[in-house]
Amino acid sequence: MPLLEIKDLCVQVDDREILHGLSLTVNKGEVHAIMGPNGSGKSTLSHVIAGKPGYEVTGGEILFEGEDLLEMSPDERSAKGVFLAFQYPVEIPGVATMTFLRTALNAQRKARGESEFSTPDFLKKVRAVAASLNIPQDMLRRGVNVGFSGGEKKRNEILQMALFEPSLCILDEMDSGLDIDALRVAADGVNALRSPDRAMVVITHYQRLLNYIVPDFVHVMSKGRVVKSGGKELALELEASGYTQFEDAA
Amino acid sequence: MNVVVAKTDTGRVLSDIFAFARDRLPGAGQVAEIRRQAFEAYERAGLPHRRIEDWKYTDLRVLMREVLPLAARPDAPALTRAAAALKLHAIEGVRRLVLVDGVFAPKLSEIGRLEQGLSIRTLRDALEAGDAGLQAQLFAPDGSNPMVALNSAMMTDGLVIEVADGAVLTRPVHIVHIASGAAPSAMFTRSLLRIGKAAGATLVESYIAADGAKAYQAHDLLVLSIGDNARLDQVRLIEDGRDAFNISSSLVTLGAHAHLNIFAMTSGSYVSRYQATIVFAGENSRVETNGVNLLNGRQHADSTLFVDHAVPNCASREIFRAVLDDRAHSVFQGRIVVRPKAQKTDAKMMTRALLLSDEAEADNKPELEIFADDVTCGHGATTGALDESLLFYLRARGLSEKEAQALLIQAFVGEAIESVANDGLRELVISAARRWLEARG
């Protein structure tokens, strides 16, 4: 059974259809890149998978390990192993990062019927993961993403990914706003999490990110559907020729 | 000649309440005369209603309807119930002073081994001792406010606490008001805290209900006098029963170079009104007031502050936050007066309301009366719902809707709670806020 199976997905926002019959199948262990021009529906797809309110699914389905994902609340999806690394992680003043991480991890574990982490075990785990991502301890004491640089916010997303151990990671424009050094650190963090038990969907506008996170499959989105799929060489082809050909094709 | 007998809506003859209580009210001679006059003043005005500007949002004729008869003196079972309630609100490292149904309860209180420079008496003793200077201070609050006048007439007990010049108390003083009576009734208390020059203290006031206390009214008044170079940290926690009324008044006077920090949180009672007058009588003093209302159901909480910048070079900060669910109603009225001589005044107030329901209501009424020209004064107000993008982020990380809301509410009030300097008291406040959040389900 595929980990994620999207069939003929149609999605509207404010009565305007953004996705028109999108299909995608992702198996465990695979890394898929979704590329496409601005406005092709890449972020809409990531939001619908994570369960963001405001999107109306008018057709098709999304199955996660064979279950109807669209019937689940965002927190249920999270507990099942769906993780969205946000393009623009929000700032939450007044909630310390450490408090947030523990509350989230224990909420997911509780939903799965697992025991909550004890404080020392939790701290040990967070510190180890933070150190591997060059995240200083004082960042963990600050409010979630408050005063973080673009690179720090993205590293905080990857920290959560490492901590929550999801089976499906969706990385929405992870490279936006990052310089090349920050990008390398973030990509190393993601690569360390590649595993036969886990799949990743990397959404990006630019081929650049795929030099660091090398995908198994590349899909080109245009005007709300996947218009071409191929191996990693498709990304290079796009880099050379641009998206124009696909915009016409769609 | 027609004699009109004032009656409440339910037909109870108002003057009977005073007449029946009179033999239980301490103080003879001059005090008894002041009480009689105060009661007459109250009788003339009656319960304040919405046509009186100051009570526009809190119409006690509609909400309270009548003043209940004086609560009975607590008997042994009442004291046992009070002791049980106290256990839930106990804090380590404080000197606890307990008033049950408006009467000081020595067995539940700690009045022995007083620190150097600390003196504690009951209001009853102070009124009966006939100390004219002290009585003048006790009766200083503005009797033209009907609820203050009623309190002057009816007060049965309270605490008179004095901190001598130079004495800095390390242990906070915790006054706990407990209602225990099963029969709906009213209690009237008044306390005085006088802090000498270069002295310091922390005062905590809690208002709670014992198991079985029904639809009671807590009428309290606090007189605070803060000397030159003195500092007071004050924490007020209104956790009264959900069908109770809490009417609290306060008169604060600060000397020069004095500092007052107030944190007040209301999560209990059906209707509450906190009306405080803060007077700067000496220069270079500072007041910070942090208020938090956590309300749901049909709760109504009104904070009405009057800050009187009578002298130059003083600073005041008022920050009020309200979290409102269901049909709750929060009122903040902030009046700042800067007198002609009060140059270099720095006064600001800010209110922020978080509405969790479409039917909740927050009313803010700032009033600035500025008669000096070299001052900094400002006010602001924001009202809004929880940020949807923050809620989604938290839910995408596994928090349920209620958990995500609770975390954001905690963050919203957390900044105010941070202003409580004492670690133990901050924990007390956090646990009160948590009780409210958990009760939301």
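B:Ala76, B:Pro77, B:Thr80 and B:Lys87 are the exposed residues on one side of helix H4 of chain B, while the buried residues of that helix lie elsewhere around its axis, as set out below. Keep in mind that this is a predicted model. Here is a short tour of two helices, H4 and H2 of chain B, with a word on confidence.

**Helix H4 of chain B**

- H4(B) runs over residues 76–88, and its buried residues are B:Ala78, B:Leu79, B:Arg81, B:Ala82 and B:Ala85.
- Because these buried residues cover an arc of only 160 degrees around the axis, they sit on the same side of H4(B).
- That buried set packs against three strands of chain B: E1 (95–100), E5 (173–179) and E7 (200–209).

**Helix H2 of chain B**

- H2(B) has 17 residues (29–45), which at 1.5 Å a residue should span 24 Å; the C-alpha atoms at its ends are 25 Å apart, so the two values agree.
- Buried in H2(B) are B:Arg35, B:Ala38, B:Phe39 and B:Tyr42.
- Their arc around the axis is only 100 degrees, so these residues are on the same side of H2(B).
- Turned away from the buried side, the other face of H2(B) carries the exposed residues B:Gly29, B:Glu33 and B:Arg44.
- Just after H2(B) comes B:Gly46, with a positive phi near 70 degrees.

**Confidence**

- Chain B has an average pLDDT of 93, and 97% of the residues score at least 70.
- For the model, ipTM is 0.96 and pTM is 0.86.

Terms used:
Residues numbered from 1 in each chain as written. Chains lettered and ligands numbered in written order. Predicted model: local features only at pLDDT ≥ 70, side-chain atom pairs only at ≥ 80, totals over all residues. Buried ≥ 20, exposed ≤ 12 C-beta atoms within 10 Å, placed from the backbone. Helix = DSSP H or I, 4+ residues; strand = E, 2+ residues; numbered from the N terminus. Arc of directions from axis to C-beta. Contact = placed C-beta atoms within 7 Å. pLDDT = per-residue confidence, 0-100. Expected span 1.5 Å × (residues − 1).
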